[in-house]
Every structure is written in C-alpha cells, then in structure tokens.
Amino acid sequence: MGLIRLLLVAALIWLVWRVLRQTLLGAPREGGKTHNQPPQSQKMVRCDWCQVHTPESQTVRLQEHHFCSEDHRQQWLEKHHD
Ligand SMILES: [Zn+2]
C-alpha cells in the first residue's frame with residue numbers, strides 16, 4: 001500500500017515547489033508588460049496611508065495594517081507614533 005504515500009509525498013513536493021517558485025519569482029520583472037491584472041484569487045488590501053488597493057502579496061504589513069510601499073509604512077508610522 002505504498003502508492004497513497006507516494007502520491008502524498010509527490011503532492012507535498014509539488015506544494016513546496018510552488019511556494020518556492022512564488023517566493024523566488026515574486027518581484028515583477030522590469031520591461032515588458034507591467035500592467036497585468038492580478039489573478040482573481042489574489043486578495044486585494046487597501047493601503048492604510050493612500051487608500052490604494054494592492055495585491056496582498058505586494059503589500060508591506062505592520063500588524064493588522066497594510067501599505068502599498070515601505071515608504072507609506074514609514075509615513076504612517078510617523079503619524080501614529082504615540
Ligand atoms: Zn500607499
């Protein structure tokens with residue numbers, strides 16, 4: 001009965017490979033089309049500073065807050081310092 005175990009291991013490797021690929025190829029490449037629509041499964045979050053909606057994978061997070069860039073996180077932090 002090793003077949004099910006083999007399938008499970010294969011599925012696990014596939015999952016790890018997907019996560020690794022997404023991590024390595026996460027940043028958009030320069031040149032070419034940069035205005036691709038994000039996949040519909042991608043969750044959109046709103047920047048707490050400029051209110052722009054950004055795919056969650058591209059946001060900078062601070063606890064429960066999301067920001068479209070490190071710059072806006074800094075600005076938000078300065079405003080909410082105390
Ligand atoms: Zn922003």
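A residue is called buried if 20 or more other C-beta atoms lie within 10 Å of its own, exposed if 12 or fewer do, and partly exposed in between, with the C-beta atoms placed from the backbone. By this rule, buried residues make up 9% of the 82 residues in the chain. The model is predicted, and local features need pLDDT of at least 70, side-chain atom pairs count only at pLDDT 80 or more, while totals for chains, interfaces and linings use all residues. Residues are numbered from 1 along each chain as its sequence is written.

The chain holds two helices and four strands, where helices (H or I, at least four residues) and strands (E, at least two) are DSSP runs numbered from the N terminus. Their order along the sequence is α-β-β-β-β-α. Among contacts with a separation of 6 or more, 11% join residues 24 or more positions apart, two residues being in contact if their C-beta atoms, placed from the backbone, lie within 7 Å.

Helix α1 covers residues 2-24, and because its expected span is 33 Å for 23 residues at 1.5 Å a residue, the 33 Å between its end C-alpha atoms agrees; the expected span is 1.5 Å times one less than the number of residues. Of the 23 residues of α1, the number buried is zero, so the helix lies largely in the open.

Two loop residues other than glycine have a positive phi, as the table shows.

| Residue | Phi | Loop between | C-beta neighbours inside 10 Å |
|---|---|---|---|
| Gln51 | near 70° | β1 (44-46) and β2 (53-55) | 8, exposed |
| Gln63 | about 50° | β3 (60-62) and β4 (65-67) | 5, exposed |
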